[in-house]
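Subject: Structure handover

Hello,

Here is the structure I promised to pass on. Please open it alongside this note.

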There are 2 protein chains.
Amino acid sequence: MTVPRILARYTIETAYPLEQAATTMAGEQSTGTFVRVPGETDELREAHAARVEELVELGEVATPSLPGSGLPKGGDGRRRVAAVTLSWPVANIGPSLPNLLATVAGNLSELKAFSGLKLTDLVLPPVFLDRYQGPQFGVAGTRRLAGVHDRPIIGTIIKPSVGLSPEATAEQVRVLVGAGVDFIKDDELQSDGPHCPFDARISAVMRVIRDHAERTGKLVMYAANLTGDIDEMLARHDHVVAEGGTCIMASMNSIGLPAMKMLRAHSQLPIHGHRNGWGMLGRSPAIGMSFIAYQKLWRLAGIDHTHVNGIDNKFCEPNDSVIASARECLTPMFDPPHPGCEIVPVFSSGQSARQAAPTFAALGSVDCMFAAGGGIMAHPAGPAAGVRALRQAWDAAVAGVPVDEAARAAPELEAALAAFGG
Amino acid sequence: MTVPRILARYTIETAYPLEQAATTMAGEQSTGTFVRVPGETDELREAHAARVEELVELGEVATPSLPGSGLPKGGDGRRRVAAVTLSWPVANIGPSLPNLLATVAGNLSELKAFSGLKLTDLVLPPVFLDRYQGPQFGVAGTRRLAGVHDRPIIGTIIKPSVGLSPEATAEQVRVLVGAGVDFIKDDELQSDGPHCPFDARISAVMRVIRDHAERTGKLVMYAANLTGDIDEMLARHDHVVAEGGTCIMASMNSIGLPAMKMLRAHSQLPIHGHRNGWGMLGRSPAIGMSFIAYQKLWRLAGIDHTHVNGIDNKFCEPNDSVIASARECLTPMFDPPHPGCEIVPVFSSGQSARQAAPTFAALGSVDCMFAAGGGIMAHPAGPAAGVRALRQAWDAAVAGVPVDEAARAAPELEAALAAFGG
């Protein structure tokens, strides 16, 4: 009988012999400790020890990437970088995401043997689906609620991030829905501050969105940022439902996996998972975890959308990382007959009509949100022209028509390309 | 009228002029965005913009600590390190820890202007105590339940971390309580795996602990690791209470702040906050957050104890960082008449009688847990002698007697010093 195992991949940097370093990782996170203890029998090790499944040397570095690492006695003085895959029997912890995190991350990044240790991927057995629901809506459900098919969902964000009253927020939403956007989100800084209480904001905004839907038939999706403590989030969700809203948003790092699981079980709406703070974990190549690993935890917990930055974004993330994250969101976590738990990648940060073609070329799909702030609001002919330009740019990308050629028959696109550089 | 403000301190590294870099941080996390938008009025800025309170240049670095940073046009080519203090009106978010995290951390660490950005401290206005309960037991309550006064609480951990059955765990606890320890904790890898279900383990362990208390009058405190999803944690807490237990343990990074708040509101017992995974945030000097900032969030959310490593620990943390963390746990977060929210610092990792004197000298207090594994179990005269040696070492430290001198009248201590180096 094959016992299901959890796999975790890491990039490590160490002055210790690689085999020894990898064995230390496996021991520390399962049956071992700094010294072998009496209860660590061969039988117990056989059933519960983590295994080193793969170890590939990648190169060397001249200096340690992180402080505090040790040097082995009698070592060869070289500091190697390697890819390590460890595995654990799922029976060590059961299919529990909080316990998984303590097992695959936990104390590992504090071990003295390493001057670099980053979690790069996770492969989980489907038994986790017995306890976690995964995304409730995903790509298909989000498209159905947003009424957008066969093209990206065009989104935007409310700015300034904080300071607008509920009424001022609703006024901005009036402009945006009038411009033809499919999706609007709160900023992650705006949740339930006393100057813009959640319930009042959502009521004011949804009045505008419902009015627009009655006139046009289009119910714009509004991701209401309900990030907060647990009772607050559940009550705010109910208020969004009561007002006819079709999406909620929560900052993943702010609320944690157990709160997300509870929100997912309670929610009647897609969950827009905001990754702010991910840079703390993801930006350094020497420590933390990749977005590839990170988003799998949150997909299982139940998010339907997440942010991946965008091509040529204004943050520090390079394009290949952006695209790897976006593709991963659309890649099944489990094989059939299990659900794949695919979610909607959200491109944002400095996006305009210029990025449609390279994004489509790299992603190979229109299953995404494409969010622009300035790319819509700062269009020379106004926000409606901004939205039209984005759709024209994506239509051209999908049709394989170069964007400058397409712009000759599309004045909004032509103006956007002129306004947003190239 | 003075509006209460939230203060956050950072260490930054940037090739941009420092004033400009600090202003970018303040703008990104409050009313600004990459470009000024129409709704960002002067009145709105006045009421809601983050302010740069202090900016102190600390030095320069030759190369960027993190990838992805940008270079300013026309810059002087120097890359500076500085301490920055920002402040926000609490009215931007209300006294909400999840929203605080999105505000003081959030997207900051992804900003292109920075090749290093680490949150080093937080100062919160007392209005947070309107919504968060802080520690329920703290130092005094933990001492009362553990029955330990005027000296450190001597603790130990169950090893191997995973693999023991409930009965084997209880057998190990039998040895430890017999040895005279005050406190025993589960490993963070052991929660509710199918080979060692939580309820069965706690029942088996508490039977041993209750028997011992009936015979000796000493009820040893056992931190039962209930880390899991929310309903699981609440039910597990109730089981610990039903079995007469006096402590629960949760991995902070695994559960998140809202779940901790809920656990605190539900709990009748002290919460042992395990920081595993903190190295992901804390180890790099270039990114993440200091433990000084981190532990304030969790104290407000309700933990009573947390780990700080120990002097000459086996992980990568230097001694000055260990002691700074421990002292901070005992430092009030708020002035009277508000509660200070002090918690018990837990020293662990490679601790033995050798570390008592330098720990006391640096901490200036016996208000701590002092946890040893090998330092107890591997004592040449057995675990009871190991516990006695630790108490002898602390008695000597408090009395100002050098440990080698004290050992001449204390055979267990003498043997410990011989066994554990020096």
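Below is what turned up, taken by topic.

First, a caution: this is a predicted model.

**The interface**

Start with the contact between the two chains. Chain B contributes 85 residues and chain A contributes 85 residues. The area buried between them is about 7000 Å². Carbon and sulfur atoms account for 59% of that area. Three residues stand out on the chain B side: B:Glu110, B:Met280 and B:Arg283. Together they supply 13% of what chain B buries against chain A, more than any other three residues.

Now the polar side of the contact. Two salt bridges cross the interface of chain B and chain A. One of the salt bridges joins the side chains of B:Arg131 and A:Glu232, with 3.0 Å from N to O. There are also 29 residue pairs in polar contact across this interface, both residues being at pLDDT 80 or more.

Which elements of chain B give two or more residues to the side that touches chain A? The helices are α2 (42-48), α3 (97-104), α7 (230-242), α8 (252-255), α9 (257-266) and α10 (278-282). The strands are β4 (114-123) and β10 (287-289). By residue class, this side of chain B has 33 nonpolar, 36 polar and 16 charged residues.

**The barrel in chain A**

Eight strands of chain A close into a barrel. Their order is β5-β6-β7-β8-β9-β11-β12-β13, and the pairing is parallel. From one strand to the next, the twist averages 25°.

One pairing to look at is β11 with β12. In chain A, β11 covers residues 305-307 and β12 covers residues 344-347. Three bridges join these two strands in the parallel sense. A:His305 has A:Val344 as its bridge partner in β12(A).

**The open sheet in chain B**

Chain B has an open sheet of five strands. The order is β2-β3-β1-β4-β10, with mixed pairing. The edges are β2 (51-61) and β10 of chain B, each of which pairs on one side only. Here the twist averages 15° from one strand to the next.

At one edge, β2(B) runs antiparallel to β3 (residues 79-89) of chain B, with nine bridges between them. B:Arg51 finds its bridge partner, B:Ser87, in β3(B).

Two helices pack on this sheet. α3(B) touches β1 (5-14), β3, β4 and β10 of chain B. Its direction makes about 30° with that of β1(B). The other is α11 (residues 291-301) of chain B, which touches β4 and β10 of chain B. The direction of α11 makes about 45° with that of β4(B).

Note two overlaps with the interface. α3(B) packs on the sheet and also gives residues to the side of chain B that touches chain A. The edge strand β10(B) is likewise on the list of contributing elements.

**Salt bridges overall**

How many salt bridges does the whole structure hold? The search finds 42 over all chains. Among them is A:Arg143 with A:Asp367, whose closest N and O atoms are 2.9 Å apart. This pair links distant parts of the chain, 224 residues apart. A:Arg143 sits in helix α4 (residues 138-146) of chain A. A:Asp367 sits in the loop between α13 (356-363) and β13 (369-371) of chain A.

**Backbone points to check**

- A:Lys159 and A:Pro160 are joined by a cis peptide bond, with omega about -5°. A:Pro160 is in the loop between β5 (153-157) and α5 (166-179) of chain A.
- B:Lys159 to B:Pro160 is a cis peptide bond, with omega near -5°. B:Pro160 is in the loop between β5 (153-157) and α5 (166-179) of chain B.
- B:Asn309 is not a glycine, yet has a positive phi of about 60°. B:Asn309 is in the loop between β11 (305-307) and α12 (319-329) of chain B.

Best wishes

Technical notes
Residues numbered from 1 in each chain as written. Chains lettered and ligands numbered in written order. Predicted model: local features only at pLDDT ≥ 70, side-chain atom pairs only at ≥ 80, totals over all residues. Heavy atoms only, no water. Contact = heavy atoms within 4.5 Å. Buried area = accessible area lost by both parts, 1.4 Å probe. Salt bridge = Lys/Arg side-chain N within 4 Å of Asp/Glu carboxyl O. Polar contact = N/O pair within 3.5 Å; in protein donor to acceptor, adjacent residues only side chain to side chain. Helix = DSSP H or I, 4+ residues; strand = E, 2+ residues; numbered from the N terminus. Nonpolar A, V, L, I, M, F, W, Y, C, P; charged D, E, K, R; others polar. Pairing = 2+ DSSP bridges. Axes fitted to C-alpha atoms, helices over the stretch in contact; angles between N-to-C directions.
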